[in-house]
Amino acid sequence: MFFDLPNQCVLCGRRADTGLCPHCHRELERHCALSGPLCRCALPGPGLDPGALCGRCLDRPPGFAASYCAWAYRFPLDRLLNAYKHRGRLTVERALETLTRAQPLPWPEADLICPLPAHWRRRWWRGFDQAERLAASLGRRWRRPVVPVLTRARATRHQQGQSRATRVRNLRHAFRADPAPGAAHPAGGRRHDHRRQRPGGGAGAGRGRRRRSAGVGAGAHPAQRRRRELAV
């Protein structure tokens, strides 16, 4: 059950002007906040040194330079995200903004924020794109422009309930980097670097990644690779 009035905590219904009452905020941080060093894949590892890779990533290094994850996808955060993403409970945004308000920009050198867009069918069915809305909130908070340099190349199945290997296959070639022609850096004359991506948090519970390939796999068609290199 979630509470929808503007001055209610979305979890317990107590009075709260920011979406979460102090008690629920503390409980959510206690159960879901991640602390300590994380692997490049953003998973925690016992005894992991800062910047070190977990065993799985040592065997097969991920195709992105860095990632950031502030919370674990567990109760009650998982219920909040599912209600927001799959049931259109936009009032949950107040709680999510409360959680992200204290989060620093993971990479201060980042030029922009780029959400991972939903397919147009899902956007039409939901009535909104959760990654786009969360990216706009983070852009205001972190004072970075939100630039949609990615487009959804094809529809994909839901990631929930899938194995890691299936998730990877599911997203292969799902996104395409399309920087605007002649797009300039906000503070200079450089193009936007599409290798620095930021999602909106939505389904990944606060996870962001800087990808090397911008959604184009190593086995892409030569024309796609050529296009990617020109865009960089």
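F128 is tucked away in this predicted model: its relative accessible area is 8%, so F128 counts as buried. It sits in the loop between α5 and α6 (130-142), and its ring partner, Y84, comes from helix α3 (residues 77-87). A search of the whole structure turns up one aromatic pair, and here is how its rings are arranged: the centres of Y84 and F128 are 5.5 Å apart and the planes meet at 40 degrees, so the pair is tilted. The two residues are 44 apart along the chain, so this pair links distant parts of it. Y84 is buried too, with a relative accessible area of 1%.

Now for the cysteines. How many disulfides does the structure hold? Zero. As a reminder, a disulfide is a covalent bond between the sulfur atoms of two cysteines. Take C24: the closest cysteine sulfur belongs to C21 and lies 3.6 Å away, which is too far for a bond, because the cut-off for a disulfide is 2.5 Å. C24 counts as buried, at 9% relative accessibility. C32 is also buried, with a relative accessibility of 0%.

Finally, over to the tryptophans on the surface. W120, W124 and W125 form a nonpolar patch there, and together they offer about 520 Å² of accessible area. Look at W125 in particular, which is part of helix α5 (residues 120-126). Is W125 buried or exposed? Its relative accessibility is 59%, so W125 counts as exposed, given that the cut-off for exposed is over 50%.

Technical notes
Residues numbered from 1 in each chain as written. Predicted model: local features only at pLDDT ≥ 70, side-chain atom pairs only at ≥ 80, totals over all residues. Heavy atoms only, no water. Patch = residues over 30% accessible without salt bridge, like charges linked within 9 Å, V, L, I, M, F, W, Y side chains within 5 Å. Areas by Shrake-Rupley, 256 points an atom, 1.4 Å probe, with all protein chains shown as cover. Salt bridge = Lys/Arg side-chain N within 4 Å of Asp/Glu carboxyl O. Helix = DSSP H or I, 4+ residues; strand = E, 2+ residues; numbered from the N terminus. Buried < 20%, exposed > 50% of the residue type's maximum accessible area, 1.4 Å probe, protein only. Phe/Tyr/Trp six-rings, centres within 6.5 Å; stacked < 30°, edge-to-face > 60°.
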